[in-house]
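Let's take a walk through this structure, one piece at a time. Keep the sequence and the 3D view open as we go.

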Amino acid sequence: MAKLTLFVSCFQPSCFGYPVSIFFIVVNEFCERFSYYGMRAVLVLYFKYFLRWDDNLSTAIYHTFVALCYLTPILGAIIADSWLGKFLTIVSLSVVYALGQGVMAISSINDLTDANRDGSPDNIQLHIALSMIGLILIALGTGGIKPCVSAFGGDQFDDGQEKQRSSFFSIFYLSINAGSLISTIITPILRAQECGIHSKQQCYPLAFGVPAALMVVSLIVFVAGSGLYKKAKPQGNIIIQVSKCIGFAIKNRFRHRSKEFPKREHWLDWASEKYDKRLIVQTKMVLKVLFLYIPLPMFWALFDQQGSRWTLQATTMDGNFGAVQIQPDQMQTVNAILIIIMVPVMDTVIYPLIRKCKINFTPLRKITVGMFLASMAFVAAALVQVQIDKTIPVFPTAGQSQIKIINLGTSNATVRFGPQLHSVNLAPMEWTDYVTFETSELQSVNITSGSQVVNETIMLPGGERHTLGIKSNATYIDTMWLFDNVTSKPEEGKNLVRFINNSPDILTNITLGDTSFGTLMPFSASNYSLFTGGRRDTITAINHLGLCSVLSKSFGFGSAYTVVINECSGTDFSIQYSEDIPPNSVHMALQIPQYFILTCAEVVFSVTGLEFSYSQAPSNMKSVLQAGWLLTVAVGNIIVLIVAGASKLSEQWAEYVLFAALLLAVCIIFAIMAYFYTYIDPNEVEAQLEEEEKKAKKAQAIYEDDTEVVSQM
């Protein structure tokens, strides 16, 4: 009977003391955050590898999108408070949001324009156009509902439910972190899958499609609770009122700029002809805090590069964690995991220790420390980048050629490039690294093996790598020139593999995993083919004696190999691996320190910043400061566009150092501003205003009574 009573009670307007409606809101927020962060996790790689944009353009569009997501909340707040109300605003903009996610999923379908079925879109402009439309709709949707959902959840509680309301906000923000964490783990895994109708490509349609589906679920769940919600009517937007007050004060001051008009204590006092004293005083308090916001965008300029520059950095690293293979875009989960750990650690361990040391760690000092830590995180990122750059091979410039020599014969060979440029001695089955030549000086090659001599005139194109294969014995010398057509490390951690048939037999159906390299005649080579990094596959070949097979070595990530088949005879399958480009050797684990430092910075900066803002704002002006806080995030992403575009730095580590130096300089400026800031108690100020208003009303009442008495006399 007790179980039945509990079951029925949960279908009443309240359950366990909480309005039933908030459970719909929490599930809605989880799905929406999953949708947003899941899509954003793979976005920069979609730009680079699907739309084929370079690192700079990918970073620029990514930060433009994020900036737009943090500009549109102001629009959403105005629409909700002035016209539609929170419920209809959330529903209507969620429809726009879901459409945007759907358009993104469609834009990433490779087969949409791949008429010739070669694995590349034939009309990339269509995919770009659809992507931009999708991102604009998503920015309008996610930004528009951002200021509405949490406030709408708070509206569901009665005045006597402050404790439940506080618990709701904790659960609400937990759902945000849970959606973010789970999505940034899952969507990179979905992206790494291969899918397609005509050709197998990385599965961006699935990586975008699942977030789109979650957004639809979010909308359905939210609408399902419609009958349970308290829906407050729009009562006007305080942001508009504050903006009008500031605008009128500026206009009125400009109108009375001549010296015949006496100066006023504060420039906002020029609004007193139209607006009451309470609004003017509250606006002054808000502007005092917003002034401190001016340096803050620089922090977000660094923080949001986790999803752009740091993700691109991870693509050049080794993600092999033993039994687990980490995708580059999954490294962002380190931040979400550390946030969950560090927030309680800071509150229960670090801050109490600081208080015990008698250190007055004020909110503004915490924010200053957060900015300093973020600067140090980028110094750590620069140090990692320096290590990565050391492992990247040097590729030829436009006026250079690089040549690698492989001795595939059974005799020693001496190779001389003329005129008198370079010479090398090679034992059987020995090879050189790539040797760089000025293309204009490279004219001939002389090969000597025993008593055999070969001279060749060579004319090679500049800016390319080439491989010279030599096969010699006591009676002859054969040469084979291979055009490598590789001028950079393979992207996305993939590997390039090609085969040379150094056996005396024709080899047919040469395969590595599912990829066929066709038939190779004796002393011939295949072209390179791309393979997913970190895998080992079976190598097979067939000759007149039958099938040969062997399990390949692990090629690592970002490498290129030439696999030389020396013999295929039944179970005897003799192969050798010549490393053309070394695999990524800097481990992704080296990014963890920079993520840890940046997460600590986020905890002391972001959480404290919101707490400080709310403590210094009048009760009815907190939405204005929320809009201002979100605006700093938008401006920070715009700063990334400006700095990255104006710096023109060729080295990525130097750009990291530049951002670190800029934030350090801004940190010093903010520390000076914070030193001169005077904390206020908005409740005391508002109490004084109420007292003054009461006195004014009382005086007005006395005046009216006296006037009435006089008129009666």
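Start with Thr89, which is buried at a relative accessible area of 0% (buried means under 20% relative accessible area, exposed over 50%, partly exposed in between, with a 1.4 Å probe and protein chains only). You'll find Thr89 in helix α4, residues 55-107; helices (H or I, at least four residues) and strands (E, at least two) are DSSP runs, numbered from the N terminus. A polar atom of the Thr89 side chain lies 2.7 Å from the backbone oxygen of Gly85, which fits the polar contact rule: a pair of N or O atoms within 3.5 Å, where, within protein, one must be able to donate a hydrogen and the other to accept it, and residues adjacent in sequence count only if both atoms are side-chain atoms.

Before going further, a word on the source: this is a predicted model, where local features need pLDDT of at least 70 and side-chain atom pairs count only at pLDDT 80 or more, while totals for chains, interfaces and linings use all residues. Residues are numbered from 1 along each chain as its sequence is written, and side-chain values use heavy atoms, with hydrogens and water left out.

Now for two more helices. Helix α7 (residues 204-224) has 21 residues and reaches 30 Å from its first C-alpha to its last, close to the 30 Å expected at 1.5 Å a residue; the expected span is 1.5 Å times one less than the number of residues. Its buried residues include Tyr204, Phe208, Pro211 and Phe222. Helix α9 (residues 277-293), with 17 residues, spans 25 Å, close to the expected 24 Å. Just at its N-terminal end, Asp276 acts as a cap, with a side-chain oxygen 3.2 Å from the backbone nitrogen of Arg278. Among the buried residues of α9 are Leu279, Met285 and Tyr293.

Next, look at how two helices meet. The axes of α13 (residues 363-391) and α16 (residues 652-675) come within 8 Å and cross at roughly 170°; axes are lines fitted to C-alpha atoms, for helices over the stretch in contact, and angles run from 0 to 180 degrees between N-to-C directions. That makes the two helices, α13 and α16, roughly antiparallel (over 145 degrees; under 35 is roughly parallel, 65 to 115 roughly perpendicular and the rest oblique). Their contact residues divide into 22 nonpolar, 4 polar and 1 charged, where Ala, Val, Leu, Ile, Met, Phe, Trp, Tyr, Cys and Pro count as nonpolar, Asp, Glu, Lys and Arg as charged, and the others, Gly among them, as polar.

Over to the strands. Four of them form an open antiparallel sheet in the order β9-β8-β12-β13, with strands paired if DSSP finds at least two bridges between them. β9 and β13 (452-457) stand at the edges with a single partner strand each, so one side of each has no neighbour in the sheet. Strand β8 (residues 413-418) is mostly covered, with 5 of its 6 residues buried. 5 bridges join β8 to β9 (residues 422-426), where Ala413 has Leu426 as its bridge partner. On the β12 side (residues 444-449), β8 again has 5 bridges, and Arg416 partners Asn446. β12 and β13 pair over 6 bridges.

Finish with positive phi values. Asn485 has a phi near 60° and is exposed at 55% relative accessible area, whereas Asn509, in strand β17, has a phi near 50° and counts as partly exposed at 39%.
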